Amino acid sequence: MSQTMKRAPKALKLHAIAGALALLGGSAGAAEIDTGNPDLKIRWDNTIRYNLGARVEKQDPRILAGSAYDEGDSKFGKGKIVTNRFDLLSEFDLNYAGTFGTRLTAAGWYDDAYRNRDVTSPAGVATSYFNNQYNSKVKRYINGPSAEFLDAFAWANFNAGDVPVNIKVGRHALVWGEGVFIGAHAISYSQAPTDGQKAVSSPGIETKEVVLPLNQISFKAQVTSDLTIAGQYFLEWKETRAPNGGGFLTGADTAPNVDQLGFTPTFAAINQPGLKPKNTGNWGLMGRLNVEAIDSTLGLYYREFTDYNPANGLQFLTFAGPLPATFRFIYPKNTKLIGLSLSKGIGPFSFGSELSYRKNAALNSSGVNNANDDVARGDTLHAIATASMLLPKTAVWETGSLAFEFAYSRLQKVTTNPQLYKGVGYAACTAVRTPGVAAGTPGNESDACSSKDFFQVAASLAPQWLAVAPSWDLSVPISINYGIKGVAPTSSGGFEKLLSWSIGANLTYQAKHEFSLRYADIVAPSKYGAPNANGVTPLIGGGASGGSLGATDRGWLVLTYRTAF
Amino acid sequence: MKIQHVLCATALAALTAPAFAAVSADEAKQLVTTLTEVGAIKAGNAEGTIPAYTGGYTGTPAGFKPDSGFWVDPFKDDKPILRIDAKNMAQYADKLSEGQKHLLKTYPEYYLDIYPSRRSAAYPDKLLKATVRNATTCKTLKGGIAVDVACRGGLPFPIPKVGIEAMWNQILHYAGETPLTTSASRSWVIDSAGKPTMTAEQRTLSDPVWFQVDLPDRDPNMMWRVMSVTKAPVRNVGAVTGITDFIDPDTTPRKAWSYTPGQRRTRMAPEFAYDTPVASQGALTLFDELFVVSGKLDRFDYKLAGKKEMYIPYNEYKGSFECPTVEMALKAKYANPACHRWELHRVWVIEATLKAGQRHAYSKRNYYFDEDMSAAGLYDAFDQNGQLYRSMFNGMVQLYDKKLPWSVRNVIYDFNKNEYGYFNDVNVGGHMIMTKALSEREMNAEAVVSRESVR
């Protein structure tokens with residue numbers, strides 16, 4: 001941002017922005033298209049978002065020396081622009097008399113910061129990409145310009161006797177349960193693939209863009225005035241879009257879209273297509289019941305799914321001598337989940353809770369068993385308690401919101417491939433080889449081995465001040481996510497001492513134009529090897545997944561402008 | 001131990017026994033003689049500036065199109081009989097609220113055009129019968145914060161004896177028997193520089209459960225509920241919220257749920273209560289000021305200070321249906337006086353004081369509710385130093401073909417922030433009244449969302 005803006009008196013600066021915006025957004029009126037027919041309602045809304053971000057924290061030489069983490073870390077140095085991105089979300093809704101309709105949405109993007117598609121590996125091994133250039137798939141999502149359709153479905157409402165029923169057919173996404181922040185332990189875990197790349201690179205993004213829609217048929221029926229039944233049957237399976245290796249916001253260089261995994265300066269294993277299921281097979285059923293006697297809403301859920309998230313162990317398929325020659329990511333099949341939820345108001349809080357049990361869940365694994373093409377599997381228990389409230393007026397703030405969520409997870413038993421389960425006390429859990437640690441030394445949580453129990457907390461406090469200047473509202477969102485104790489038994493389910501946090505300031509003008517400034521960073525318990533030729537101890541592992549360990553020096557500041565018309 | 005028992009018993013008795021003496025049968029007879037069935041004084045006033053009540057307006061003005069959403073002004077040929085501004089306000093000070101006086105004093109261009117008083121409120125017989133029945137039988141419970149379910153179907157206290165009973169009359173004002181909907185109800189915040197922002201545009205449905213005595217599937221403890229689907233601003237399009245209030249907020253506190261676009265699930269909303277400001281209305285209203293009175297009445301003591309003649313917004317057909325926002329309805333510091341119609345009416349005066357030991361932004365609030373139609377009137381609120389903080393003007397129109405006196409747009413002034421809010425603006429779309437109520441199944445949050453939002 002220009003220095004002169006920093007020095008101008010605040011009110012004057014805001015007034016100038018206001019003047020400029022008056023030329024831009026037009027009236028605050030909705031984009032409802034007049035069809036002349038009062039029963040036919042058509043809306044077309046467009047949301048644009050612009051992000052300009054820079055790396056604030058300098059590169060940690062130990063991460064640059066770590067061959068599994070250096071590509072992403074070396075892409076942009078301190079002070080460099082890490083995102084210069086424009087996003088457009090276009091939404092088209094047609095509603096005929098509340099009886100039937102369609103919804104079509106599309107997203108487009110371009111990030112100029114990745115115009116240069118070079119990838120380097122300061123640690124000296126081969127990069128993850130052929131010719132050291134992002135491949136076409138990564139280029140498409142990390143740089144663009146590109147676009148895609150998201151929602152594309154038709155819906156209808158009708159009465160089956162006295163029972164109102166809603167049906168949706170086509171590409172859409174549903175999220176069940178009460179959990180909000182901690183998806184890994186929620187009833188909604190893997191209920192839809194997520195766009196992890198966009199979620200990290202585009203702050204200010206709506207949840208509706210992060211949860212990717214898939215072709216499915218879903219229904220909801222109001223069986224009695226207190227009982228709702230709903231279900232979904234998927235007709236399509238697509239994997240979660242993990243953040244791409246070699247991008248600024250991914251700590252780990254190896255991700256599903258890479259071309260290869262470098263072992264030496266000249267040798268790399270080639271990435272094969274991932275092991276994915278056929279299109280049908282994921283489905284779910286749920287019921288929600290209002291129970292007056294306890295003033296609560298109870299939910300019961302049953303889901304069967306092939307995980308949209310890849311297992312955390314790579315499958316090495318063929319070898320060239322001692323080194324792997326080909327590898328792939330696998331997507332664990334046939335997990336069954338049964339869940340229970342309860343929500344009610346408790347004083348000023350809206351409280352929600354969940355309890356779920358997964359059978360054949362994908363566990364934290366050291367690799368894949370080529371005999372059954374599977375990772376370690378087991379039965380796990382998960383619980384979530386979440387609460388939110390509006391902030392009352394105090395001397396410090398006018399209003400705002402506070403929300404927090406606790407998650408707990410526990411391994412009941414390992415049912416498949418126990419030799420691959422990276423749990424404390426199990427064979428596959430070995431200590432990270434920091435100097436002096438012999439190969440095969442049993443490891444613990446600090447080596448990212450799972451413990452029996454896991455506790456995590458996430459919180460968000462956003463005090464708000466309205467009319468700090470005429471028509472300008474301010475909020476200061478502060479969020480944290482912290483692994484309190486233990487390492488979750490499920491694949492990438494959470495790690496103790498892993499902290500991600502952010503603090504920001506959002507200014508909204510006339511309820512329409514939003515400006516935010518946000519700083520985000522993470523802290524992860526890391527482990528380092530013996531000094532290399534330059535005397536630097538490289539990052540070799542630690543008590544979290546590679547994606548986090550490699551990203552602890554990426555503290556960044558991003559300015560976002562968002563508006564809709 | 002024994003003393004404790006006695007104190008305990010007395011405390012319990014105070015909670016459960018009706019707090020105040022009921023209205024005697026003789027007093028109740030006034031409801032057919034000197035008082036109207038809703039407890040207003042039938043006769044006009046001595047000066048002739050308030051006419052006698054003759055059943056309200058039940059005619060059909062020329063040009064009225066039923067079910068168009070709009071009502072033609074039956075009094076469109078009336079001319080103002082008086083204009084009050086800063087220069088002559090002292091003469092009329094005893095008939096003005098603190099908020100009106102403050103605006104007149106501060107802005108020399110502000111004025112109140114006073115029109116002939118027309119007592120247009122008219123009610124269906126069924127409602128009037130239930131109200132007369134309530135005169136001798138209805139009572140509040142739990143020290144006044146709850147009302148007896150036996151009072152359903154009518155206005156609770158046509159002859160209020162204490163302040164809290166008059167407050168219940170406002171909360172339970174007649175709202176018809178079937179849902180009333182809007183297609184584009186808008187909220188405006190006009191900042192201290194005079195710039196208006198539309199903070200929300202919503203489709204709304206309010207369901208007057210208290211009066212739906214003939215529907216067997218209704219929960220008798222439910223008072224009313226309202227649902228709204230957001231149409232603007234764009235980032236909130238498709239958001240649905242629902243609020244339900246109950247006649248005993250102690251046993252069953254307010255229930256609120258909300259559906260956020262993109263997640264496609266409904267969640268329970270946190271409590272909206274007391275002096276938490278309503279962020280979506282620019283923090284110009286506190287949650288317990290929504291609809292003038294909202295929520296549990298336990299933090300204030302209410303004193304019924306009799307009746308007074310005051311100039312209140314009344315028969316605001318022109319202002320509600322013919323005064324386009326923004327161009328005409330909003331001026332920089334106040335709602336356009338040309339779009340207001342003020343009339344002299346008798347109002348119930350209720351003085352509320354914050355109870356000792358209770359916390360709230362206000363120390364004192366005064367309510368002035370029309371004797372014929374309890375939702376219309378004026379409101380002043382004072383901060384902890386006794387300074388005027390906020391004032392509200394709540395107008396009415398008689399929906400003459402439906403025998404429904406309805407409270408329309410609401411203007412609130414925040415003298416602290418120097419801003420004002422203009423809410424329930426329906427000059428686009430107006431109001432529609434459904435012919436049949438929705439079933440309980442159809443009113444369930446999940447079913448509502450399925451019908452109203454796919455975002």
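Biologist: How many residues of chain A are in contact with chain B?

Modeller: This is a predicted model, in which local features need pLDDT of at least 70, side-chain atom pairs count only at pLDDT 80 or more, and totals for chains, interfaces and linings use all residues. Residues are numbered from 1 along each chain as its sequence is written, while chains are lettered from A and ligands numbered from 1 in the order in which they are written. Two residues are in contact if their C-beta atoms, placed from the backbone, lie within 7 Å. Chain B contributes 47 residues, and the number on chain A is 54.

Biologist: On the side of chain A that touches chain B, how many residues are charged?

Modeller: Asp, Glu, Lys and Arg count as charged; Ala, Val, Leu, Ile, Met, Phe, Trp, Tyr, Cys and Pro count as nonpolar, and the others, Gly among them, as polar. This side of chain A has 20 nonpolar and 21 polar residues, and the number of charged residues is 13.

Biologist: In which element of chain A is confidence lowest?

Modeller: Confidence is given by pLDDT, the predictor's value for each residue, from 0 to 100. Chain A averages 90, and 94% of its residues score at least 70. Helices (H or I, at least four residues) and strands (E, at least two) are DSSP runs, numbered from the N terminus. Confidence is highest in strand 12 (residues 296-305) of chain A, at 97, and lowest, at a mean of 40, in helix 1 (residues 3-7) of chain A.

Biologist: Beyond near neighbours in sequence, how many contacts does the stretch of residues 1-12 of chain A have in the model?

Modeller: The pLDDT of this stretch is below 50. Residues 23-30 of chain A are also below 50, and that stretch has 18 contacts beyond near neighbours in sequence. For residues 1-12 of chain A, the corresponding number is five.

Biologist: Which strands stand at the edges of the open sheet of four strands in chain A?

Modeller: Two strands pair if DSSP finds at least two bridges between them. The order of this sheet is 9-10-14-13, with mixed pairing. Each edge strand has a single partner strand, so one side of each is left without a neighbour in the sheet; the two are strand 9 (260-262) and strand 13 (315-320) of chain A.

Biologist: Which residue of strand 14 of chain A stands opposite A:N271?

Modeller: Strand 10 (residues 268-271) and strand 14 (residues 323-328) of chain A run parallel and are joined by two bridges. The residue that stands opposite A:N271 is A:F327.

Biologist: Which residue takes a positive phi in the hairpin of strand 1 and strand 2 of chain A?

Modeller: Strand 1 (residues 32-33) and strand 2 (residues 40-55) of chain A pair in the antiparallel sense over two bridges. One opposed pair is A:I33 and A:I42. Six residues lie between the strands, and the one with a phi near 85 degrees is A:G36.

Biologist: How many bridges join strand 2 of chain A to strand 26 of chain A?

Modeller: Strand 2 also runs antiparallel to strand 3 (residues 81-96) of chain A, to which 15 bridges join it. Towards strand 26 (residues 556-564) of chain A, A:L52 stands opposite A:L559. Strands 2 and 26 of chain A run antiparallel, and the number of bridges joining them is nine.

Biologist: What arc around the axis do the buried residues of helix 4 of chain B cover?

Modeller: A residue is buried if 20 or more other C-beta atoms lie within 10 Å of its own, exposed if 12 or fewer, and partly exposed in between, with C-beta atoms placed from the backbone. In helix 4 (residues 98-106) of chain B, the buried residues are B:G99, B:Q100, B:L103 and B:L104. The arc is that of the directions from the helix axis to the C-beta atoms. These residues are on the same side of helix 4 of chain B because their arc is only 130 degrees.

Biologist: Is A:N417 buried or exposed?

Modeller: A:N417 is found in the loop between strand 18 and strand 19 of chain A. Its phi is near 50 degrees, a positive value in a residue other than glycine. With 22 C-beta neighbours inside 10 Å, A:N417 counts as buried.

Biologist: How many other C-beta atoms lie within 10 Å of that of A:D295?

Modeller: A:D295 has a positive phi of about 50 degrees although it is not a glycine. Its place is the loop between strand 11 (283-291) and strand 12 of chain A. A:D295 is partly exposed, and the number of other C-beta atoms within 10 Å is 14.
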